[in-house]
Amino acid sequence: FYVIRKGEVDGQDVYLFSYVWEEYENRIIQSLFQQLIGVLGFVLVISFPFSFWLAKYLSRPLIKIEKHVKRIADMDWSEPLLLDRKDEIGKLAQSVERMRKKLIQQDEAQRSFLQHVSHELKTPVMVIRSYIQAVQDGIYPKGDLHGTMNVIEGEAERLEKQIKNLLYLTKLDYLSDQEQVFQPV
């Protein structure tokens, strides 16, 4: 590489000729490269603690939401998810909290339904068993064997009707969850 420059010395035109050997150029490039690596290393060392802190700061609420969702999956709905943020993570936390509340309502409704159904099914079974026990002991609560057997048959029909209604309700619930496909006939 060379540079020719025109100049003036003592009133006369002079040409200045500069020449750089290839070896000198390689040393300059190597020196610049080493300085660049040094600066990058310094920047990485300085930015690592900040990056580590930032990653922890950003992932902390997500870890909290993950633990809460695992508890919900294990049917532990006792604690609400309290995360007061206005960003996307806050919206996710609000959605998880809504889901938790709906699961609590669904669980309470299911328990109430099962208690009601068990009570409704238990009554005819108890009547049937008590009448059968009475007949086995030679006692006829309705006066004679025929009247007593009519009561047992009536309670059995009542029990069968309740079971059919329960199965029908289960079928309706199942069908309501399925996607309806209509085709012309």
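These questions and replies cover the fold, helix H2 and the charges of one chain.

Me: What kind of model is this, and how are residues numbered?
Reply: The model is predicted; local features need pLDDT of at least 70, side-chain atom pairs count only at pLDDT 80 or more, and totals for chains, interfaces and linings use all residues. Residues are numbered from 1 along each chain as its sequence is written, and side-chain values use heavy atoms, leaving out hydrogens and water.

Me: What makes a run a helix or a strand here?
Reply: DSSP runs decide: H or I of at least four residues is a helix, E of at least two a strand, numbered from the N terminus. The chain has three helices and two strands. Their order from the N terminus is β-β-α-α-α.

Me: How do you know whether the chain matches a compact globule?
Reply: The rule is 2.2 Å times the number of residues to the power 0.38, with the radius of gyration taken over C-alpha atoms. For 185 residues that gives near 16 Å, but the chain has 43 Å. The C-alpha trace spans about 150 × 50 × 30 Å along its principal axes.

Me: Why does the span of H2 agree with its residue count?
Reply: The expected span is 1.5 Å times one less than the number of residues. H2 (residues 88-136) has 49 residues, so 72 Å is expected; its end C-alpha atoms are 70 Å apart, which agrees.

Me: Which residues of H2 are called buried?
Reply: Buried means under 20% relative accessible area (1.4 Å probe, protein chains only). Among those in H2 are Ile89, Val96, Asp107 and Tyr131. The buried residues of H2 pack against helix H1 (22-73) and helix H3 (145-177), with contact meaning heavy atoms within 4.5 Å.

Note on methods: Buried means under 20% relative accessible area, exposed over 50%, partly exposed in between (1.4 Å probe, protein chains only).
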